[in-house]
Amino acid sequence: MSPAPPHPPAAPRDSRRRFVAVAGTTGLVAGALGLLGALARSIVPDVLYEPPRRFPVGRPRDFPPGSVTLVAERRLFVFNTPEGFSVVSAVCTHLGCNVNHEPGKGFACPCHGSTFEEDGRVRTGPAAWPLPRFALALSRRGELVVDTRRTVGPDFRLKA
Amino acid sequence: MRTLGRRLWLSVFRVGWPRTRPQRLRAMLSSLVLHVHPTRVRAHVLRPSYTLGLGLVSFYLFVILTVTGLALMLYYVPHPAAAYRSMKDIEYAVTFGMFLRNAHRWAAHGMVAVVFLHMCRTFFTGAYKPPREFNWVVGVLLMLLTLALSFTGYLLPWDQLAFWAITVGTAIVAYFPVLGPQVRYLLLGGHEIGQAALLRFYVLHCLVLPLAMAFLVAVHFWRVRKDGGLSAPPDRLHRRVLAWPHLVFRELLVLVLVLVVVHATALLFDAPLEEIADATRTPNPAKAPWYFLGLQELVHYGAIFGGVVVPTGLVLALLALPYVDTHPRGVGVWFAPERRVANAVFAAIAVAVVAVTVVGTFFRGPNWAWVWPW
């Protein structure tokens, strides 16, 4: 029978234990947070391989006077009225379906039945917001250029 | 030779074919699969009319979905340029590919319906009351996971149905206050449904959500044991029978029935595949999968009301239910008279959910206008 080992003085041993516990917990929490933080940040994409937000849709003469033309691949309508050109989005502001143009009556959404006036204002819901009207400019090459990052008021017309 | 065979059997299963009572008890404890069960089980819960086997059927469908899904993964390519063609390959250039796809699709639809019915059964028998509150919560999460799995799987065929259903679904997400648009951006990996969105839905559908489901299923089963087995009325708590053979063979019988029904449906009906996804052309009417048509019908009355307020309210009410209604009476029997009010309220909500789903499915035509189905 060997005698029980003598206890070391209480204070240093307790503080050593506390140090190891605090350091260990800190390391564990910091490591886990770092890993999860990196993961969470990484799933937010920084580079998007999406079409540009500003693009040409054609020359003015491609849109006959008095016509309403659907540019399907850009999901918008080009109006050529006597006052000038204007562009209305074809994406329903309710839940993102493409609206159909009904000449003289405005737009109708096939998904949930919203209807809009020709200038984009809501006629009947459930859509709560008007179809946005996008800024339009004439490029140096004589093309109509739409900028979907900028919306304009209902009176906007481009003389071309 | 006989002896070698017997030694091999015993090395794997530890017990022979159980014939005596001690052997039957030991058999239940000696196998990984069987030990999920107790050795003896309440006679009350073995009556088919009590549980209708709905939880078990949900689990079997999940297993069938995992197996058929793995087979489909060998041919499916999650890229917009290839996804639709690989679906055509699965249908026409893979032996039994069409059958596997049909089985996967119909089992998925079946699982949504059966999980919903399982929840109704649990409610109408008062089985969510203490000590089973938390397992009800796990069950609600499992139902949400089932819907999320169905929704993410819906985009993968990359046909018109898929594309526009996900367009509508992710637009609803963006209506959620504060974080909605950011969550949609994360879900799609951008602003529109394209390559990034397809890959994200694919990873969620094939890996993240099934793993979460498997984990929660394990918790769900484990809690059934820890909460003292399935619920029963107080006077029937103590009559128990051996799990082998009474429980084990009933479970196998249900498995046979599920397999027969899935096979028959997959052989008789082909899963739909419309034209390839086209962002420039919205089909009219554009409809979500049937289990979201109730939601789409509500969204028709207002996106915030139908897409956010009602579904969030329902889920929160379901999660809170077992902590609000803790009265221990009426457990273990269908439609207990002491629970008349609770049963009436739940039945009214369940009927309303079914009703808006039926309206959205059969009574809505082009531009979401009212049509008569006949």
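Which residue is the bridge partner of A:F79 in β4(A)? In this predicted model, that partner is A:S86. The pair belongs to a longer run of contacts: strand β3 of chain A, covering residues 76-81, is joined to strand β4 of chain A, covering residues 84-89, through six bridges, and the two strands run antiparallel.

Stepping back from this pair, we find both strands in an open sheet of six strands in chain A, with the order β1-β10-β9-β4-β3-β2 and antiparallel pairing. At the edges of the sheet lie β1 (54-58) and β2 (68-71) of chain A, each of which pairs on one side only. On average, and with direction ignored, neighbouring strands of this sheet are turned by 30 degrees against each other.

Chain B offers a helix pair to look at. Helix α13 (residues 293-300) and helix α15 (residues 340-362) of chain B have axes that come within 7 Å and cross at roughly 80 degrees. Because angles of 65 to 115 degrees count as roughly perpendicular, α13(B) is roughly perpendicular to α15(B). On the α13(B) side, the contact is made by B:L293, B:G294, B:Q296, B:E297 and B:L298, while α15(B) brings B:V353, B:V356, B:T357, B:V359, B:G360 and B:T361. Sorted by class, the residues of this contact are five nonpolar, five polar and one charged.

We turn next to the place where the two chains meet. The contact draws 27 residues from chain B and 21 residues from chain A. On the chain B side, the elements giving two or more residues are α9 (160-174), α11 (195-226) and α13 of chain B. Of these, α9(B) gives the most, with five residues. By class, the side of chain B that touches chain A comprises 14 nonpolar, 12 polar and one charged residues.

Finally, there is the nonpolar interior. The largest nonpolar core has 93 residues, and the members that touch the most other members are A:L95, B:L61, B:A107, B:M111, B:A162 and B:V168. Helix α7 of chain B (residues 97-124) gives the most to this core, with 11 residues. For a closer view of one member, B:M111 touches B:S58, B:L61, B:F62, B:L65 and B:T146, leaving aside residues up to four places away in sequence. A second core, separate from this one, consists of six residues, among them B:A27, B:A243, B:W244 and B:L247.

Key. Residues numbered from 1 in each chain as written. Chains lettered and ligands numbered in written order. Predicted model: local features only at pLDDT ≥ 70, side-chain atom pairs only at ≥ 80, totals over all residues. Pairing = 2+ DSSP bridges. Helix = DSSP H or I, 4+ residues; strand = E, 2+ residues; numbered from the N terminus. Axes fitted to C-alpha atoms, helices over the stretch in contact; angles between N-to-C directions. Parallel < 35°, antiparallel > 145°, perpendicular 65-115°, else oblique. Contact = placed C-beta atoms within 7 Å. Nonpolar A, V, L, I, M, F, W, Y, C, P; charged D, E, K, R; others polar. Core = buried A, V, L, I, M, F, W, Y, C linked by C-beta atoms within 7 Å. Buried ≥ 20, exposed ≤ 12 C-beta atoms within 10 Å, placed from the backbone.
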